[in-house]
Amino acid sequence: MFSRKTPFRSRIRQKRQAEPVRSGRGVFTRRALLVMAVQAGVLGVLGRRLYNLQVVDGGHLRQLAERNRTSKRLLAPARGTVHDRFGVALADNKVSWRALLMPEETTDIPAVIERFSQIVPLDEHDRARIERDLRHVHKYVPVTLHEFLSWDDMARIELNAPSLPGVLVDVGSTRLYPFKGLTAHIVGYVAPPNEEDVAKDTTLSLPGMRVGRAGIEQTQEASLRGEPGSVEMEVNAVGRVIGEIDRVEGQQGEDVRLTLDSVLQQQVLDRLEDRVASAVVMDCRNGEVMAMVSTPSFDPSLFDSGVSHAQWNEWASDPRTPLVDKAVSGLYPPGSTFKPAVALAALKSGSVTAQDRFNCPGYYDLGGVRFHCWNRWGHGMINMREGLKFSCDVYFYEVARRCGMDPIKAVGNTMGLGVKPEIELPHVRSGVIPTPEWRQKHGFHWNGGDTVNAGIGQGFVQVTPLELATYTSRIASGRNVQPHLLRATNDQISTMASADDVPKVDLPPEFLDVVRGGMFAVVNDQHGTAPKARLDLPGIQMAGKTGSAQVRRVSRALRESGHFNSMNLPWEYRPHALFICFAPYDNPKYAVAVVVEHGNAGADEAAPLAKLIMTDTLLRDPASDVRPAAPGMASSVVPNAAPPPAGAEMPSAPAETGTSVPTDPPVAQTQREPGAAQ
């Protein structure tokens, strides 16, 4: 590289000049490798991140991205409908409009609610409800701001849409009850769910969800409610709905068909008019309830939109108790309608035969106490048929004393008295047939006077009108019929529709024949207590039993003065009027029970009503399933229907009783069938 002739210093200089070139190449190579390594690392990190984003987390991020563009919410299902036996709608759905708030689509919920209230006013009740709903629902569940919007309300909301993020107008449904008070106690009503309901089932927090609060709406809630659906909406950057992407309709609740005949129900209501009363019409072969009316009634459609406190207070303070279904919840002393049960108990126990005769001088003395017959002159020597025909109190005083209360209770329960009816309604009560043991549990001593007084359906004996109808049906048919209202669900007929499936009652047929004969004599024989109940239909006869049940004590002096007339008492002190019957006598088909609160005498008030109701029933014959619905009955207006009183929200459970029950056991009846005791 160097010449020998090159000086040493020159060679050193040349060497130094050559070394930087070689050193620069080495430094350049190391830097390039370092940069490449850094770049490779960065690319690796980016690749790993891209892999995570696109492969590992791709599905989740895709959902998040889709959520920015769409909004998905659950839809309340359409509630199932309720029909009568001929398909006439008793509870249906009607389209309504409502304003909803999607909490997840707005950042300032209080401000949005305040702006909305300036467009559609919200009262204190609405604000409290909205605040409660916001606390208890998830952000993706819409909250109802206002229901039953008018067209003007909807126009104002849409006009102010930019200032109302998360607010949308939605279609919902309102529960419609075309017959209003006619079927209110049976069908019931629906109301918004409370916090306890939502805690049990979170789907109830959906807008438009309703919960049955009474009647069939309550007992068949699981069938009527249905399953919720969902809807997916496309929204813009501020959360406003652009269009609908997908919709999965909910499963509508099952349709329920009742045994009730809405036409006959209207006819019964027309017969009762403005009385405070109840009446039950039953197919005595299989227990189907054809009509069941309790007056006065209420309009159940009021509760879907809410009622005022003033309306509620008016109903709650009404002594006629319109909120109580008297047919299943009202407790009444049965009076002389209880005597057939006493007769059956005596026959079954063997303590009395149908031919045994007892003398009725017009009174009955026991332990120094005189018990009166309704006929102060007496009935003379009579047997069981005549005792029923004349409704002789003295005869049944003696029968009850010989039989005793335990056999009377056992047979009464067998015939449906003092036993809670297994019917598809809430708040059904059971009557009472007292015994010495029952009395002792209440801290009192039982004496002979209690037994004879119970023998004529007074004292501590209490029943419901539905129990009376069941009891009459079992006497008429000899079958252990169970009252029921549910005929079919989604057109699947109930197994209780056939009379062949109903077992016989545990009583010899000859005993039932004796009682039926006595009830026939009540209506059709001369001097029977119910000639006003005799049917005018050719070739058809009816059997029945009158009853008058006192609600207060009548003194012996007043009774024996001969001037006592219970019609002169204030209305609330008059006896209840009762009548039970079945027809046709030779081939029983229908049973009717009528109770008129403070109607005074069963023979004068309840028996003529029962005659009219039975006549309507036989002429219409609703047990025939081929009969078409009457024209126009599906409309929202019921012809000649008594107008319901001002409405109020019905409580979850009715008051304990809607009747006047005496503080002290009544010991006498009215002048028609007084059975008095001092």
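Here are four short exercises on this structure, each with a worked solution.

The model is predicted, so local features need pLDDT of at least 70 and side-chain atom pairs count only at pLDDT 80 or more, while totals for chains, interfaces and linings use all residues. Residues are numbered from 1 along each chain as its sequence is written, and side-chain values use heavy atoms, with hydrogens and water left out.

**Exercise 1.** Work out which strands stand at the edges of the five-stranded open sheet.

*Solution.* Start with the vocabulary: strands (E, at least two residues) and helices (H or I, at least four) are DSSP runs numbered from the N terminus, and two strands pair if DSSP finds at least two bridges between them. Next, read the order, which is 12-11-21-20-19 with antiparallel pairing. Strand 12 (289-295) and strand 19 (543-549) each have a single partner strand, so one side of each has no neighbour in the sheet. Those two are the edges.

**Exercise 2.** Find how strand 11 is joined to strand 21, and what lies across strand 19.

*Solution.* First, strand 11 (residues 277-283) and strand 21 (residues 590-596) run antiparallel, with seven bridges between them. Along the way, valine 280 sits opposite alanine 593 of strand 21. Then look at helix 21 (residues 509-524): it lies across strand 19 and strand 20 (576-583), at about 75° to strand 19. For that angle, axes are lines fitted to C-alpha atoms (for helices over the stretch in contact, meaning heavy atoms within 4.5 Å), and angles run from 0 to 180 degrees between N-to-C directions.

**Exercise 3.** Classify the ring pair of phenylalanine 520 and tyrosine 585.

*Solution.* Rings of Phe, Tyr and Trp (its six-membered ring) pair if their centres lie within 6.5 Å; planes under 30 degrees apart are stacked, over 60 edge-to-face, and the rest tilted. That rule gives 10 aromatic pairs. In this one the centres are 4.7 Å apart and the planes at 45°, so the pair is tilted. Phenylalanine 520 belongs to helix 21 and tyrosine 585 to the loop between strand 20 and strand 21, so the pair ties together parts 65 residues apart in sequence.

**Exercise 4.** Decide whether cysteine 373 is buried or exposed, and look for its nearest cysteine sulfur.

*Solution.* Buried means under 20% relative accessible area, exposed over 50%, and partly exposed in between (1.4 Å probe, protein chains only). Cysteine 373 has 3%, so it's buried. A disulfide needs two cysteine sulfur atoms within 2.5 Å, and the count here is zero. For cysteine 373, the nearest cysteine sulfur is that of cysteine 360, 4.0 Å away.
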